[in-house]
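Let's take a friendly walk through a few places in this structure. Have the sequence and the 3D view at hand as you read.

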Amino acid sequence: MKRILFLLHLPPPIHGAAMVGKYIQESKIINNQFDTNFINLSTSKTLNDIGQNGKGKIGSLLYLLNKVIKSVSSNKFDLCYMTLSTNGLGFYKDFLIVILLKLYRVKIIYHFHNKGFFEKQNKFFNHILYKITFRKTMSILISKYLYYDIQKYVNNNDVFYCHNGIPKIDLSLPILKNDIEVKPFSILFLSNMMIEKGVFVLLEACNILKSRKVSFECNFVGAWSDITKEIFDEYVSELDLNQYVFAHGKKYDEEKLQFFNEADVFVFPTFYHNETFGLVLLEAMQHSLPVISCSEGGIPDVVQDGNTGFLVPKKDSLALAEKIEVLINNPKLIKEMGQAGKMRYSELFTLEKFENNLCDIIKQAIEK
């Protein structure tokens, strides 16, 4: 059985890369096919800690480096799978680990859940580090739309593509929608409450819908981040949206599922600089919801514009409001897009599909 060292991010904090790391660590499919060893790369405990420095992080880094050294010095690994960070302090931390792996002549395959090389590759210092990082390595991307980010350093023959996947949920649970009571059209945003996730863009779109006398409600579900509850409430009051917009904080399990069950459309107007895929889009599609999002990262591989939802220009609240209004006025289109999205999820984005694809890629990388 081939021995694989997995260097990946695990919760906390909860974000896309950490959730994928958790799925991999707990995967029976992967653990049954390989002799696995897992090391958590995370040195942050909250979302706001990411990219920050501090004495605690230096201690965590030293501990992490020591753990990697012990692992690679006492084991002969056929491959190291690493979720390499692309930005800021996270990259420099990971670069130290990459140097250790190269010193011990470990074969490396990177799996990217973020992006950022393209923007910084023209800086001489970064360029040198990137050349060292990618030399004689392979890479996994979650979408063909992200190859541009590493194209300068990685030949296409050394790139594999693997869409993310999420677990199937039990949709046979009771849905508490009240079809007798006439309810306003329900918009759902579910993500961390960050400016770059498009929270304010959606609020501005809600303001446009209100000015057009449209009946709707918009629920924001997610952990407070660079947008605090106070900042959010103040902006909602400023736009006079208190009767339309509701923030619920972070929700899990049945509470989160209920928001999906109650929604008519899922809206995710992200322009987040690290956005690559948006696992939450898969959750919405699994619930047969049409999705409105933006062409950020690999999202065009997830949302088929005009088929499973709409893709609107980033930071364009007017375009967003117009697409929401299209759905409000066309219940048949909501149903058609929702069904198309659920079918697309089932065909491409299940966790089992992801696990099997990743196993195939690892086997190919070992033999390469």
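## Lys115 and its partner

In this predicted model, the side chains of Lys115 and Glu296 are joined by a polar contact of 2.9 Å. Lys115 sits in the loop between β4 (108-111) and α5 (117-120).

Is Lys115 buried or exposed? With a relative accessible area of 7%, Lys115 counts as buried, because the cut-off for that class is under 20%. Beyond residues up to four places away in sequence, Lys115 touches Thr86, Asn87, Leu146, Tyr148, Asp149, Tyr272, His273, Asn274, Glu275, Thr276, Glu296 and Gly297. So Glu296, the partner in the polar contact, also appears among the residues that Lys115 touches.

## Helix α11

Next, have a look at helix α11, which covers residues 317-328. How does its span compare with what its residue count suggests? At 1.5 Å a residue, 12 residues should span 16 Å, and the C-alpha atoms at the two ends are indeed 16 Å apart, so the two values agree. At the start of the helix, a side-chain oxygen of Asp316 comes to within 3.3 Å of the backbone nitrogen of Leu318.

The buried residues of α11 are Ser317, Ala319, Leu320, Ala321, Ile324, Glu325, Leu327 and Ile328. What do they pack against? Their partners are the strands β7 (185-190), β10 (265-268), β11 (291-294) and β12 (309-312), together with the helices α7 (199-211) and α12 (331-348).

## Where α11 meets α12

The helices α11 and α12 pack at an angle of about 100°, and their axes are 6 Å apart. That angle makes α11 roughly perpendicular to α12. On the α11 side, the contact is made by Val326, Leu327 and Ile328, while α12 brings Pro331, Leu333, Ile334 and Met337. Sorted by class, this contact has seven nonpolar residues, with no polar and no charged ones.

## Leu7 in strand β1

Finally, turn to Leu7, which belongs to strand β1 (residues 3-8). Leu7 is buried, with a relative accessible area of 0%. Which residues are in contact with Leu7, leaving aside its neighbours within four places in sequence? They are Ile39, Leu41, Val68, Cys80, Tyr81, Met82, Thr83, Ile97 and Leu101.

For a sense of distance, try Pro184: Leu7 and Pro184 lie 177 residues apart along the chain, and their C-alpha atoms are separated by 46 Å.

Definitions and conventions
Residues are numbered from 1 along each chain as its sequence is written. This is a predicted model: local features need pLDDT of at least 70, side-chain atom pairs count only at pLDDT 80 or more; totals for chains, interfaces and linings use all residues. Side-chain values use heavy atoms; hydrogens and water are left out. Helices (H or I, at least four residues) and strands (E, at least two) are DSSP runs, numbered from the N terminus. The expected span of a helix is 1.5 Å times one less than its number of residues. Buried means under 20% relative accessible area, exposed over 50%, partly exposed in between (1.4 Å probe, protein chains only). Contact means heavy atoms within 4.5 Å. A polar contact is a pair of N or O atoms within 3.5 Å; within protein, one must be able to donate a hydrogen and the other to accept it, and residues adjacent in sequence count only if both atoms are side-chain atoms. Axes are lines fitted to C-alpha atoms, for helices over the stretch in contact, and angles run from 0 to 180 degrees between N-to-C directions. Angles under 35 degrees count as roughly parallel, over 145 as roughly antiparallel, 65 to 115 as roughly perpendicular and the rest as oblique. Ala, Val, Leu, Ile, Met, Phe, Trp, Tyr, Cys and Pro count as nonpolar, Asp, Glu, Lys and Arg as charged, and the others, Gly among them, as polar.
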